[in-house]
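Welcome, and please get your viewer ready. We will go from stop to stop, with a selection to make at each one.

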Amino acid sequence: MTDVNQIADSYVQRWAELDPVGATYAGISGYDDVVTDLSPDGIAARVELDRRTLAALARAEPADETQRVATESMTERLGLQVERYEAGLVDSALSVIESPLHNLRMAFDLMPTEGEAAMTAIAQRLSLVPQAIDGFRRSLLAAAAQGRVSARRQVLACARQCADWVDPARDNVFHGLVDGLGAAGALRADLDRGAAAATRATAGFGRFLTEELLPHAPEPDAVGADRYALESRY
């Protein structure tokens, strides 16, 4: 494949399959009932797609100025994603502003809610939150085994966020979402089960952060000039 437009279209299609939560953010329909694989294998699969696409772009001959700009833009963004992965910044990502956990949680704010099909997708995605969180946990542990852990302050703050999200007296994110949909009958039961599963998984992840990851977290917040420069570009 040498046509830049075809390369781009192929990338987006495969990316959406590998990152359905990202597809929700991008407004790509058809993936709202599944979750992104946040495990080391899932992360590696997405980086491999980036590498294959970069290789295809390097062989392509842009047909016009639009394709030239597209080639340069994709090469810069995908190349940077590969750099971040190789620097160990992807599998260890955890902060109060952005992380795979936050992306998963906020995706529910972007999903359609009108109609049975939309609510069925929400119920299905809620039921898969434990699967996604378990993958993220395994990625963080794999990174920690190599000495890559976010600062102690970030780990503690993310644990507090998890507690707030599932607290009935505070955010109550998942059950609050379901309560606002107005579903009834079997669909409401599915939504309630999904919300309960997502709530348990999120609470458990908060405990994992404080009990398992925190002992490995460094005290300093500073990340060093090399990482700062790379993340600033990102």
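**Stop 1: the largest pocket**

Start by selecting helix H10 (225-233), which gives the largest share of the lining of the largest pocket, six residues. Helices here are DSSP runs of H or I with at least four residues, numbered from the N terminus. Before going further, note that this is a predicted model: local features need pLDDT of at least 70 and side-chain atom pairs count only at pLDDT 80 or more, while totals for chains, interfaces and linings use all residues. Residues are numbered from 1 along each chain as its sequence is written, and side-chain values use heavy atoms, with hydrogens and water left out.

Now add the other helices that each supply at least two residues of this lining: H1 (4-18), H2 (20-26), H3 (40-59), H4 (65-86), H5 (100-110) and H7 (152-166). The space between them has a volume of about 1500 Å³. To centre your view, pick Arg84, Leu89, Ala93, Glu98 and Tyr234, the closest to the pocket centre of the 49 residues that line the largest pocket. Colour the lining by type and you get 26 nonpolar, 12 polar and 11 charged residues. In this scheme Ala, Val, Leu, Ile, Met, Phe, Trp, Tyr, Cys and Pro are nonpolar, Asp, Glu, Lys and Arg are charged, and the others, Gly among them, are polar.

How are such spaces found? On a 1 Å grid over the protein atoms alone, a pocket is an open set of points with protein on both sides within 12 Å along at least five of seven lines; a cavity is a set where a 1.4 Å probe fits but cannot get out; and lining residues have an atom within 4 Å of a point. Grid points are joined across faces, edges and corners, and a volume is the space filled by probe spheres set on the points.

**Stop 2: the cavity**

The structure holds one cavity of 30 Å³ or more. Select Ser92, Leu94, Leu140, Ala143, Arg148, Val149, Ser150 and Leu213 to see the lining of the largest cavity, around about 40 Å³ of space. Five of these residues are nonpolar, two polar and one charged.

**Stop 3: helix H7 and the loop after it**

Does the length of H7 fit its residue count, or not? With 15 residues at 1.5 Å a residue (the expected span uses one less than the number of residues), H7 should span 21 Å, and its end C-alpha atoms are 22 Å apart, which agrees. Show the side chains of Val155, Ala157, Cys158, Ala159, Cys162, Trp165 and Val166: these are buried, meaning under 20% relative accessible area with a 1.4 Å probe, protein chains only. The buried residues of H7 pack against H5, H8 (173-179) and H9 (185-213), with contact meaning heavy atoms within 4.5 Å.

Next, move to Asn172 in the loop between H7 and H8. Asn172 is not a glycine, yet has a positive phi of about 45°. Most residues other than glycine have a negative phi. Asn172 is also buried, at a relative accessible area of 17%.

**Stop 4: aromatic pairs**

Rings of Phe, Tyr and Trp (its six-membered ring) pair if their centres lie within 6.5 Å; planes under 30 degrees apart are stacked, over 60 edge-to-face, and the rest tilted. The count by this rule is three aromatic pairs. Select Phe108 and Phe174: their ring centres are 6.0 Å apart with planes at 85°, so the pair is edge-to-face. Phe108 lies in H5 and Phe174 in H8, so the pair ties together parts 66 residues apart in sequence. Both Phe108 and Phe174 are buried.

Then select Phe136 and Phe205, whose ring centres are 5.4 Å apart with planes at 20°, so this pair is stacked. Phe136 in H6 (residues 116-144) and Phe205 in H9 are 69 residues apart. Phe136 is buried at 2% relative accessibility, and Phe205 is buried with a relative accessible area of 2%. Finish by adding Phe208, which forms one aromatic cluster with Phe136 and Phe205.

Note on methods. Buried means under 20% relative accessible area, exposed over 50%, partly exposed in between (1.4 Å probe, protein chains only).
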